[in-house]
Amino acid sequence: MIVRGQDLIEGGAPRSVTVDLTHTGYRLNPGHSLRLHISTPRGAGLSTPRRAVLAGATLSAMALTAGTSSPARAADSGDAEILWPQVRRPKDLGRIPYWDAAELSVAIRRRIVSCVEVMTAYLDHIDRINPKVNALVSLRPRTDLLKEARAKDRLLDQGACQGWMHGFPHAVKDLADVEGMPTTYGLIPLSTVTPATADSLFVERIRAAGAIFIGKTNTPELGLGSHTYNNVFGTTYNAYDQSKAAGGSSGGAAVAVALRMLPVADGSDFMGSLRNPPGWNNVLGLRPSYGRVPSFGGDVFIDQGGVEGPIARTALDLALLLRTMSGHDDRAPMSLTEDTAPLTDLMGRQHGKRVAWLGDLGGYLPMERDVLDVTRTALQHFSRLGMTVTTLDALPTSADFDGNADLWPTWLTYRHWLSGMAVKTAYDFALRGLLKPEALYEYEGLTVGADGNGPLTAVDVYANSVKRSGMYRAFRDLFDTYDYVVLPTAQVMPFDATAHWPRHIEGVEMSSYHRWMEVATIGTLIGAPTLAVPAGFNEAGLPIGLQVIAGNRDDFSLLDLAQAWERQTGFVHGTLPGLLSTT
């Protein structure tokens, strides 16, 4: 569909412009006009006529309808660049948790439903679903939460809306602080933990956006391992099969979003924790660029392995939460100063983009057959979006990085250094008796060394950083040719929840508790933003995902890809967990 009209160009007369809606998924509603603003570099000039694509325009949202669904889109609450959905009050208020986060936001702000009705619907839904999966922990009393919801309604009565999450039920991953709530790290017994006296930085921002904190999401001990189990709360089970693992360490968060117990969730990621749980539960996750979501406390310079980020069911929801969590803060000197508003300006235009499929790195990574079958089949969706896919059989190399052969040794030193120090804190505070084997493995890697020949030294860490820098340069060259690098989110499908980790993959023994997640080390080591999107299901109905790595600080391209992927595949809403069909 082509729409033609005129727009005032800075410093000149009206010019003829053309907007191509053909590949965007939107169409112009009958009787509506299109308002177009084109941003061009100062002094760039503009020829007549000029073709303007949606990626460079802000459209009057009232004029557009999504081609894949009937609701009109409307701008709201000062976010004119966001295409907010239109919603109607459901006859059954028990359907409220099935709204996506953007839909819920519109419904609350336009008083289609009250915050009390929202909280009641969510708590009823949680009461039915959570006992079967154990995703939400430290849940607060219903009476307290309804009291807070009534206070949110009173603010709306007075014409005050705190933000797009006004009245949202939200649960924070149990590695971050929420004022007045316990933070157990999956380690400290509830009988001994002291409630937090202040919010973590990103939690401050979610609170300021209007959320009501209902509890925490479950995580493995100290966030170690991509399987969410601990001795404080027990095991979190997969949204699609309650005999299987949910992934980790953001397992509780991903399961809660997949089962509609939360509109969106925060998570954190060092070795795939915002990628494997979404992949195993058919939702979206994003490991942002370091500094995109700032944090404070402890070291604020060196520890760049772990980051916080969003989990959601739609690209817009993912972008909205990332925008809320993002932005510079002086307490975090490495935090990015970039404007966060463009993060939600999604158009889903990926035509012509180039994808490098790394798969199992030419057989280097042991990988279950189902993982490769499902993810390879999913590559066709890139082609259907007008993208080209090229298979590469090995990591790129440079003078300081020898590709596949250097990947695991580089990771071990980096991981033992940072994770070992985190475990050392618990170890030194007389919690060593509570530590599970995974934690002790990281501590011993720090104190004994990855090769067992002595503790890690400053020389070891520096030499490893040089190798990691070489890896970054190799990928920087690769991104000169390709826009994205794509791999599976894990090397195995969801495994038995009673196991601690997979001991073998296709007959190859795993040398550590996290070797089966080696596929997730790449994005972390090069400090690149990495998106997790659903890839589909195996014959047993278990999901797996794709992780898409973009160039340095190119988070927006990944969010825009998520938008295109969502429209193309329909995976999240097309195949609901069985637990939802029984409620």
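Let me start with the open sheet, which in this predicted model has three strands in the order 10-12-11, with mixed pairing. Strand 10, at 136–137, and strand 11, at 169–173, stand at its edges, and because each has a single partner strand, one side of each is left without a neighbour in the sheet. Strand 10 pairs with strand 12, residues 212–217, in the antiparallel sense, and two bridges join them. If you want one position to look at there, take L136, whose bridge partner in strand 12 is T217.

From there I would like to turn to strand 23, residues 530–537, where seven of the eight residues are buried, so that the strand is largely enclosed by the rest of the structure. Which strands does strand 23 pair with? One of them is strand 16, residues 284–287, which runs antiparallel to strand 23 and is joined to it by three bridges; within that pairing, L286 has L531 as its bridge partner. Another is strand 24, residues 543–549, again antiparallel, this time over seven bridges, and here A532 stands opposite Q547. Strand 23 and strand 24 also form a hairpin, with five residues between them, and in the turn G541 has a positive phi of about 85 degrees.

A positive phi also turns up at R260, just after helix 5, where the value is about 60 degrees. Helix 5 itself, residues 251–258, is mostly covered, in that eight of its eight residues are buried; the list consists of G251, G252, A253, A254, V255, A256, V257 and A258.

Next, a single residue, V307, which lies in strand 17, residues 307–312. Is V307 buried or exposed? Its relative accessible area is 6%, and since buried means under 20%, V307 counts as buried. If we leave aside the neighbours within four places in sequence, V307 is in contact with G267, S268, D269, L274, R287, P288 and Y290. For L274, which is 33 residues away along the chain, the C-alpha atoms of the two residues are separated by 9.2 Å.

Let me now come to the aromatic residues, of which the structure holds 14 pairs. In the pair made by W164 and F168, the ring centres are 5.3 Å apart and the planes stand at 70 degrees, so the pair is edge-to-face; W164 and F168 are both buried. Elsewhere, ring pairs link F270, W411, Y414 and W417 into a cluster. One member of that cluster, Y414, has R468 lying over its face, at 4.5 Å from the ring centre. A charge over a ring is also found at Y229, where the charged end of K436 sits 4.4 Å from the ring centre.

Finally, the chain as a whole. How many helices and strands are there in the chain? The count is 16 helices and 24 strands. Of its 583 residues, 58% count as buried, and the chain exposes about 22600 Å², with carbon and sulfur atoms supplying 50% of that area. If we consider the contacts with a separation of 6 or more, residues 24 or more positions apart account for 73% of them.

To return to the places I would keep on the screen for discussion: the hairpin of strand 23 and strand 24, the cluster of F270, W411, Y414 and W417, and V307, with its contacts to residues including G267 and Y290.

Terms used
Residues are numbered from 1 along each chain as its sequence is written. This is a predicted model: local features need pLDDT of at least 70, side-chain atom pairs count only at pLDDT 80 or more; totals for chains, interfaces and linings use all residues. Side-chain values use heavy atoms; hydrogens and water are left out. Helices (H or I, at least four residues) and strands (E, at least two) are DSSP runs, numbered from the N terminus. Buried means under 20% relative accessible area, exposed over 50%, partly exposed in between (1.4 Å probe, protein chains only). Contact means heavy atoms within 4.5 Å. Accessible areas come from the Shrake-Rupley method with a 1.4 Å probe; for residues, only the protein chains shown count as cover. Two strands pair if DSSP finds at least two bridges between them. Rings of Phe, Tyr and Trp (its six-membered ring) pair if their centres lie within 6.5 Å; planes under 30 degrees apart count as stacked, over 60 as edge-to-face and the rest as tilted. A charge sits over a ring if NZ of Lys or CZ of Arg is within 6 Å of the ring centre and within 35 degrees of the ring normal.
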